[in-house]
Structures are given as C-alpha cells and as structure tokens.
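Biologist: Please take a close look at one part of this model for me, the way one helix packs against its partners. Start with the terms, then go from the whole chain down to a single side chain.

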Amino acid sequence: MHIPVFFDAAGPVLHFDFDLFLKFIFQPSPALIGGLAITIYASVVAQFVGVILGIFSALAGMARNRILRSISGFYVWFFRGTPLLVQMFLIYFGTPYLFGVDLFPNDVHLGFIGLRGAILAGVVALSINEGAYMSEIVRAGILSVDPGQTEAAKSLGMTYGLTMRRIVLPQALRVIIPPLGNEFNNMLKTTSLMAVISVTELFRVAQGVYAVTFKPFEVFLGVAVYYLALTTIWSLIQSFIERRIGTSARLEGVPGLRARLLGLSRPHGTINLPGSGH
C-alpha cells in the first residue's frame, strides 16, 4: 500500500511506502533480529561492567589515599569530558597502534563465547564511559546515607568493607536505582554509535536496508520504533523495580514512568543526582 503522491507548484510533497515500513517492523529479517540481539547484549554487558567500574571508582574517589582519589578523579574527568564517539575510536583504532598489537581481532574467543573484535571494542568503550557516570551516581548514593550509621558500624567492630556491603550500599540503592535505570535506558540508544566501527547492531542493519531500498524515512522510522519498544519495555521494568524497593515512594521528585516515557520536566524543587544524564 502506497500513500498517493500529492503535487503542488513545487512538485511532489508526500510519498511514504507503508508496505516497506510495516514489513520492516513486523517481518524483520534475520539480520535485523541479529542486530537487535547485539544491541541488547551490548547494552546489558556494558551497563553491568559500568556499574562495577562505577562502584570501584566511587570508593576510590572517597578513599583517604590521595593516589586513589587522583586516579578516580582523572578517570571521571576524562571520560565524562570527552565524546563517547572519540573514546570508541581511540579504543578500537588507537590502542592497536599504541601497543603494536591488535587487541580486537576479527574473532575473539572468551571461553565458550565468540565475538567479533569490533563488538568487544564497542562494549569496552561503552563500559568505561558508563563507569565514569556511574561513579558519580554511586558517590551521590553513598553520601546520602547518614554518616552516623558508618560510625555506629565502626563502634561495633565492623570493617570498612563489611560496613559498605551490609550498611551503606543497601541504603544507597534507594538513591542509585532511579538514575541507574535511566542510564540503562540511555545505553540502549547509545549502542547505535557502534555502527561507526562496523558493528552490525540495530542501526547498522537499518543503514544496510536503506542502502538497498533508498527509502530513508521508512527505514529509519522503523528502527526508531524498535528503539522505542526497547526503552518502553525497560521503563516498565524499571518502574516495577522501583516499586519493589520502595524508591518511588521514598524519593520525592524522582520522575515516574509517565514522565520518563514522555520526557516531562521535573517539578520545581526535585532532586538532581550527579551523573544521571550524559
């Protein structure tokens, strides 16, 4: 089915191929399904590694050791202050030149998992970048916990590590979870940058379809629908998680599901956690 072409004095003004658009969405090719799988896989792995890096960076940034604080500060400063696209190029194209070794060959085997080097490079870049943002989010969560509780734990003979695991971090989760969920929502979309290093994720596959059909609006609108589906599903999951741990009720001003989906602005006087957006 084609929308008719309407003409005015300047020529045709509308032509939309509904058949291609609907086929792209509801009859995805194996390549598109594979690209969707890579997008989800890269998002989950990069976010998980980013959270781990963020926790270590936040703890290092709050340590008494000046060297650890300096390393953490430089890490956050550099990776929050430079574009992710530049970081991806540095890691994928720059590190083999710098070290004289191809760190990301065509086939990389991690145990029983086989990956293309470009995918691994993309995930590494996304993880390191995300860790810098998560560092500030985790730090804000830790600082939100009453210092008196840490002092009480010390008086009971608890070590620093045990205090963090048992007392501080569980309470900090109330502050960390909402921006962490928003970061993963952003990660699902940011993976599209891996197309520049030839990773066949969702957007890269769409580029290939456009190169064959020469119909950019239908194809890229279709891929936008896929990204919307991914972020909407995650928003529902995030809302459920927040209800389960009670963050939505305890954190005044944290945007709810409708606000996240529609991009509504925060009401006056709400909290603004460091690193909650790129």
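Modeller: Let's fix one term up front: a residue is buried when its relative accessible area is under 20%, exposed when it is over 50%, and partly exposed in between, using a 1.4 Å probe and protein chains only. This is a predicted model, so to speak of local features we need pLDDT of at least 70, and side-chain atom pairs count only at pLDDT 80 or more, while totals for chains, interfaces and linings use all residues. Numbering starts from 1 along each chain as its sequence is written, and side-chain values use heavy atoms, with hydrogens and water left out.

The whole picture comes first. The chain has eleven helices and four strands, taken as DSSP runs numbered from the N terminus (H or I, at least four residues, for helices; E, at least two, for strands). Of its 278 residues, 40% are buried. Contact means heavy atoms within 4.5 Å, and among contacts with a separation of 6 or more, 69% join residues 24 or more positions apart.

Now for α2. Two packed helices are described by the angle between their axes and the distance between the axes. Here axes are lines fitted to C-alpha atoms, for helices over the stretch in contact, with angles from 0 to 180 degrees between N-to-C directions. Helix α2 (residues 30-61) and helix α7 (residues 160-190) have axes that come within 11 Å and cross at roughly 140 degrees. That makes the pair oblique, the label left over once under 35 degrees is roughly parallel, over 145 roughly antiparallel and 65 to 115 roughly perpendicular. Their crossing is right-handed, as the near helix is turned clockwise from the far one by less than a right angle (anticlockwise would be left-handed).

On the α2 side, residues in this contact include V44, Q47 and V51, and those of α7 include L180, F184 and M187. The contact of α2 with α7 splits into ten nonpolar, three polar and one charged residue. Ala, Val, Leu, Ile, Met, Phe, Trp, Tyr, Cys and Pro count as nonpolar, Asp, Glu, Lys and Arg as charged, and the others, Gly among them, as polar.

With helix α5 (residues 117-143), the α2 axis comes within 5 Å and crosses at roughly 45 degrees. By class, that contact has 17 nonpolar, seven polar and two charged residues. The pair α2 and α5 is also oblique, and its crossing is right-handed.

Finally, zoom in on Q47, which sits in α2. Q47 is buried, with a relative accessible area of 6%. Leaving aside residues up to four places away in sequence, Q47 touches E130, M134, L180, E183, F184 and M187.
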